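Open the structure in your viewer and keep the sequence beside it. This tour tells you what to select at each stop and what is there.

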Amino acid sequence: AGVLGAVAALNLGFYFFDYAPTRVYGNPTAEISDVLCDVLETRADVPPVYFDGAPYMYWDFGATAFRLRHLEGRDIAPGQETEPISVEEGALFVVLELKMDDFGWLLTHYPGGVTEHYTSDEDGRLLFVLYEVPSWRE
């Protein structure tokens, strides 16, 4: 019983103090989703979200779709949009690190925004960039 208790304590300690704080949970998209949800859940007001991550990750990714279900958002492919992006009420663009080639297009077509970079706490790599275009009414 003592050995079983020690093994259980070691496993619980590893899970809660070493593994869970890394936020990776087996794949990079889970870490991206967790950080993005943490950021957007703390904001009082979030304009429509335009998510540029395909084919690596989509706006309706499991945890993101659940935690941010109250937000208006959709996937985009800059330069290939069939439905226009309206920034009249403001817009929040989320660009994954793997899609940074699209970032210049966004800056050109939606100037005057504010950029925030979010990195992994585990290894410092860039996860995504938020680019917020203010409302035209402001």
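Where is Leu127 found? Select Leu127 and look at the element around it: Leu127 belongs to strand S5. Keep in mind throughout that this is a predicted model.

**Stop 1: Leu127**

Is Leu127 buried or exposed? Leu127 is buried, because its relative accessibility is 2% and the cut-off for buried is under 20%. Now show what surrounds the residue. Leaving out residues up to four places away in sequence, Leu127 touches Glu31, Ile32, Val35, Leu96, Glu97, Tyr118, Thr119 and Ser120. Pick Val35 from that list and draw a distance between the two C-alpha atoms. Leu127 and Val35 are 92 residues apart along the chain, and their C-alpha atoms are separated by 8.6 Å.

**Stop 2: Phe128**

Move on to Phe128, which is also in strand S5. Phe128 counts as buried because its relative accessibility is 0%. With residues up to four places away in sequence again left out, the residues that Phe128 touches include Ile32, Val35 and Leu36. Val94, Val95, Leu96 and Glu97 are also among the residues it touches, as are Glu116, His117 and Tyr118. How far apart in space are Phe128 and Glu116, C-alpha to C-alpha? The distance is 8.7 Å, and the two residues are 12 apart in sequence.

**Stop 3: helix H2**

Ile32 and Val35 were touched by Leu127, and also by Phe128. Both are among the buried residues of H2, so select this helix next, residues 28-41. Helix H2 has 14 residues and reaches 20 Å from its first C-alpha to its last, close to the 20 Å expected at 1.5 Å a residue.

How many residues of H2 are buried? The helix is mostly covered, with 11 of its 14 residues buried. Colour them: Thr29, Ala30, Glu31, Ile32, Ser33, Asp34, Val35, Leu36, Cys37, Val39 and Leu40. To see what covers these residues, display strands S1 (49-52), S3 (91-96), S4 (114-119) and S5 (126-133), together with helix H3 (62-67); the cover includes all of these.

**Stop 4: Asp52 and Pro55**

From the elements covering H2, take strand S1 and select Asp52, which lies in it. Asp52 is buried, because its relative accessible area is 1%. Setting aside neighbours within four places in sequence, Asp52 is in contact with Ile76, Pro78, Val94, Val95, Leu96, Lys99 and Asp102. Val94, Val95 and Leu96 also appear among the residues touched by Phe128.

Go along the chain to Pro55, in the loop between S1 and H3. Zoom in on the peptide bond from Ala54 to Pro55: this bond is cis, with omega near 10 degrees.

**Stop 5: the whole chain**

Zoom out and show the cartoon. The chain has 4 helices and 5 strands, which follow the pattern α-α-β-α-β-β-α-β-β along the sequence. Its C-alpha atoms fill a box of roughly 65 × 30 × 25 Å along the principal axes. The radius of gyration is 18 Å, where a compact globule of 138 residues would have one near 14 Å.

Next, colour by burial and then by charge. Buried residues make up 37% of the 138 residues. The chain has 8 positive and 23 negative side chains, and the centres of the two sets lie 3 Å apart.

Finally, turn on contacts. Of those between residues at least 6 apart in sequence, 63% join residues at least 24 apart.

Definitions and conventions:
Residues are numbered from 1 along each chain as its sequence is written. This is a predicted model: local features need pLDDT of at least 70, side-chain atom pairs count only at pLDDT 80 or more; totals for chains, interfaces and linings use all residues. Side-chain values use heavy atoms; hydrogens and water are left out. Helices (H or I, at least four residues) and strands (E, at least two) are DSSP runs, numbered from the N terminus. The radius of gyration is taken over C-alpha atoms; the globule rule is 2.2 Å times the number of residues to the power 0.38. Buried means under 20% relative accessible area, exposed over 50%, partly exposed in between (1.4 Å probe, protein chains only). Contact means heavy atoms within 4.5 Å. Lys and Arg count as positive and Asp and Glu as negative; His and the chain ends are not counted. The place of a charge is taken as NZ of Lys, CZ of Arg, CG of Asp or CD of Glu. The expected span of a helix is 1.5 Å times one less than its number of residues.
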